[in-house]
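Reader: Before we look at anything, could you take me through how a contact between secondary-structure elements is read, and then how one moves from there to an interface and a core?

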Amino acid sequence: MKQNFTWKFLVIIVIIILALWQLSYTIRFMTLSEKQKSEMDPIKLSRLEDRAIHLGLDLSGGMHIVLEVDKSKLTAQDAKGATGRALEVIRNRIDQYGVSEPVIQKQGEDRILIELPGVVDKQRARELIGKTAQLEFKLTVNNAKIQEIIKKIDEVLSKSELAKNDSIYNENLFSSIAIYNGYDIKVLKSDIYLVNEILNRKDVKNALPGDVIFLWGPSPKSTDSQERSLFLVYSKTLLTGASIVDARAGIGTSNNPMGVKVDLTMTRKAAGKWAAITGANIGENIAIVLDSIVQSAPRVITRIPNGRSEIEMGNSSMADGKSLAIILKAGALPAPVKIIEERIVGPTLGLDSIRKGLNAIIIGGILVLIFMAIYYSAAGLVADFALTFNIIILFAILSLFKATLTLPGLAGIILTIGTAVDANVLIFERIREEIKSGKTFRTAIDSGYDKAFTTILDANATTLLAAIILYWFGAGAIKGFAVTLSIGIVVSFFTAIFATRLIFDWVVTKFQIKKIRI
Amino acid sequence: MLKIFKDTHIDFVKARKRAYIVSFILIAITIVSIIAHRGLNYGIDFTGGSLVQVHFNKNINTEKVRNIVSEAGYGSAIIQRFGKSNDYSIKIINIEFIKSDTVGPEIIEGYAEPNPTNGESQIIIHTRAYDKEAIISNIEYSLKPFDEANDNDIIPVRASDTYDSEIEDGIFSIKTLTMKKGDIKSIYIRATDSQGNVGNVDFVQIKVSDLGDNVSIDDIKSEIKKDVDIEKTAENLKKSDGEILKEAFDSKLGEGSVRIDKEDMVGPKISKELQTKAIWVIILGIVIMLLYVTFRFSFRFGVAAIIALFHDVIITIGLISITNLEVSTETVAALLTLIGYSINDSIVISDRIRENIKKLRKENFITVVNRGINETLSRTVITSLTTLVVLLTLTIVGGPVIRSFSNTLIFGVLIGTYSSIFVVAPIVVEWELKSPSRKLKIR
């Protein structure tokens, strides 16, 4: 019997330790100040954030948008993948904007759900999502000039505070991290932020000729690609995407029958301009720029008189060709999108909600704890222990399963506090009755728990069913309520039946107590 | 030992007639209130529209807020002050969606190829149309001016997406067989949008000539070319109601005088879906509970519990109506929680009655029922109390956002507790009195 207790207590203690350990991440993350966060190693910080309880937009502040893709005008074939393509285009734009942990999901056939934590620049976000993509053709700066400009930046930096006295890199600070290979400038992923910082410096900007700008290539898709391309182009836009009529990927270029190509057709209006542009820049590269990202920079081989160009893709795959064709033709959204739902919560209200929700949990919890202790005396304290245990496990499970905590979710926890004691109330009332009918305390406990068991099971099952239905109904934050309520029910069933019983049995056996105040 | 109820022997069954009257009156009040209020006070989740919650940095009265909001074009907005004195919510029902586009698409580019012909049998007319607001559906061509043309003369061509959603292309080909050499014909072009608006009419002239007939393009001044500033359109993306209001407040009260804390916009499609879903979720909740209770208990208890459930939901809705509480998705969550709670309460009491039926075979049914209710009375009241305590805490300190949830549930718990004592068991008793089941002994 005694051995049995040790094991059972061990289980409870291990659960408590694990739960507290799991919660320690949340506590550590929540107590970090903005300053501490900025000083922390970003990898460590994101790992900590990942392990902490994930807050819904109504608590963290942010923007929730549901878009609908209007397919009314697309052919059946185009309509098939339209939502997926729109999603990719939008993801691409949001990635560039640099929102941390955005959620971009397909919802049903023609909807896209976007959740942007922390973004409050509504206009900017809406533009990112719904705006017409800016496709532009820009001339790249030629070899000799690029090398000259890189050298110039090196010179500027060597005179700046960045140059350390003892460094061998003083002479070529920029050219050592931005390596020009004759086509583009390669920058290691880990140096991207540094290059951005350098390019944004006033002294560097002043040293650059006024008519050129640095533009990044697409952010590397695969994780094994370690670098990102940087291009130096003339800021003047030669042509915009409006001049494109059609773009198709195909196989068989004029030089290589197996080579991948993209055939580009321009409007008649643009064709004349294109002829002039290509004619004047044979041998130069022209960058295809989508939303300020250089997608490709093909070399002009000959003057193109009729608006029909062929872009040779070199060693690229057909998939690359297709995606370039999409960018050229439908780099804009494949179909119009419409915002059909938008919910924005400011960070102040979010923080306020967290504070108020936690206050309600603490105050409500303490009131219930006091009530139970007064009404059921010693037994009430046991129930109080179970309730506290319950809430700790509930939070731990939330963070373990990466569930999202919302304001209704906090309400679910509060409700759990109110109803979790129900099981103990049922048991205690039973025990009281059994004692009254003349049973010994020990047998009263046994029959109290036994008789209350099925009732508790039924009661929990109905509430759980309601919570599951609610999860299905789940509009955003409401799902959070269903989640915390369900976890609360399951956990409280365990604590009320298993944990409190264990304490009672142990106390009665160990101390040979004949009666506990109940 | 502290006890709320000391061995009560209340005759709940006898009191059932009075309880029926109370319930009947409450349901009647519910119906009257809903009629008097012309339905419930639905939030934008169900009506569609915008809700903007603002915080002012300085003191301001509701009248002033109302004036500024009105001037910004939201005359019918519902303005509510809550919480701290300078927090307001501004509810705009559907206004955004009533306002619709009335301008048709504009023809911005058009040319014929080849033009003039060099003996080709057909001429292709390329057209480009532009509409900032709505989606362009068709580009229409006609050889007669549109006001003289009948339906047969007008040939609609589905516009195709080329570059973006605002600019659409159409291609139309016309045979030259019936045209005589030297003919100059006008092709009239216009476009329609998805809202049914028709845009301006433009035309392209085509000329038929033979090989060697040297007509320069300049002879035919027929190409339509209008530049549309695409970048400007991107900037002109429709502002949200919150931004419009913020601008209005900033201009009247000074820059930075207001902070937008929350902004919800629910489109009509979503709100309709939420309406349907809300009704279904309540029905589904009740049906599943019915199945569960019938499966676990007798059919009669099941039916009684479900009647109590309807009773609770209806009267709770009545209280929502009387207090003019907003009905949101949170309310639906609260109602569903109430369904679970109400059944839970009924189960506890029914369970005890069932147990007593077995235990007290000699007693008559009414005594058994009364005893069951009395024995579980403490539990019923204590659980209601602890639940009410936390819900009241939530209402008081939880802030306005969650109030529609906590208040609904407070109403529900009160009614649910009442019904589990005064409605469920008495219905079973009533049934038993009318048609006794064989197992039980009555009186």
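Author: We begin with a pair of helices, bearing in mind that this is a predicted model. A helix pair is read by listing which residues on each side are in contact, which rests on C-beta atoms within 7 Å. Here helix 8 of chain B contributes residues including Arg300(B), Ala304(B), Ala308(B), His311(B), Ile315(B) and Leu319(B), and these belong to a set that meets residues of helix 11 of chain B, among them Thr408(B), Gly412(B), Ile415(B), Ser419(B), Val423(B) and Trp431(B). Sorted by class, the contact holds 15 nonpolar, seven polar and two charged residues.

Reader: At roughly what angle do the axes of helix 8 of chain B and helix 11 of chain B cross, and is the crossing left-handed or right-handed?

Author: The axes of helix 8 (residues 299–322) and helix 11 (residues 403–434), both of chain B, come within 8 Å and cross at roughly 145°, and the crossing is right-handed.

Reader: Moving to the interface, how many residues of chain B are in contact with chain A, and which elements of chain B supply them?

Author: An interface is read first by its residues and then by the elements that carry them. In this case 72 residues of chain B are in contact with 71 residues of chain A. The elements that each supply at least two residues of the chain B side include strand 4 (106–113), strand 13 (258–266), helix 7 (268–296), helix 10 (365–397) and helix 11. That side of chain B divides into 35 nonpolar, 20 polar and 17 charged residues.

Reader: In which sense do strand 16 of chain A and strand 13 of chain B pair?

Author: Strand 16 (residues 337–345) of chain A pairs with strand 13 of chain B in the antiparallel sense, over five bridges, and one of the bridge partnerships joins Ile344(A) to Glu263(B).

Reader: And which residues of the largest nonpolar core touch the most other members?

Author: A core is read through its best-connected members. The largest nonpolar core has 168 residues, of which Ile414(A), Leu470(A) and Ala425(B) touch the most other members, while helix 12 (residues 347–400) of chain A gives the most to this core, with 19 residues. Leaving aside residues up to four places away in sequence, Ile414(A) touches Ala360(A), Ile361(A) and Gly364(A), together with Val390(B) and Leu394(B). A second, separate core of 43 residues includes Leu135(A), Leu157(A), Trp216(A) and Met313(A).

Reader: What percentage of the residues in chain A is buried?

Author: Chain A, with its 15 helices and 17 strands, has 518 residues, and buried residues make up 42% of them.

How values were computed
Residues numbered from 1 in each chain as written. Chains lettered and ligands numbered in written order. Predicted model: local features only at pLDDT ≥ 70, side-chain atom pairs only at ≥ 80, totals over all residues. Axes fitted to C-alpha atoms, helices over the stretch in contact; angles between N-to-C directions. Helix = DSSP H or I, 4+ residues; strand = E, 2+ residues; numbered from the N terminus. Left-handed = near helix turned anticlockwise from the far one by under 90°. Contact = placed C-beta atoms within 7 Å. Nonpolar A, V, L, I, M, F, W, Y, C, P; charged D, E, K, R; others polar. Pairing = 2+ DSSP bridges. Buried ≥ 20, exposed ≤ 12 C-beta atoms within 10 Å, placed from the backbone. Core = buried A, V, L, I, M, F, W, Y, C linked by C-beta atoms within 7 Å.
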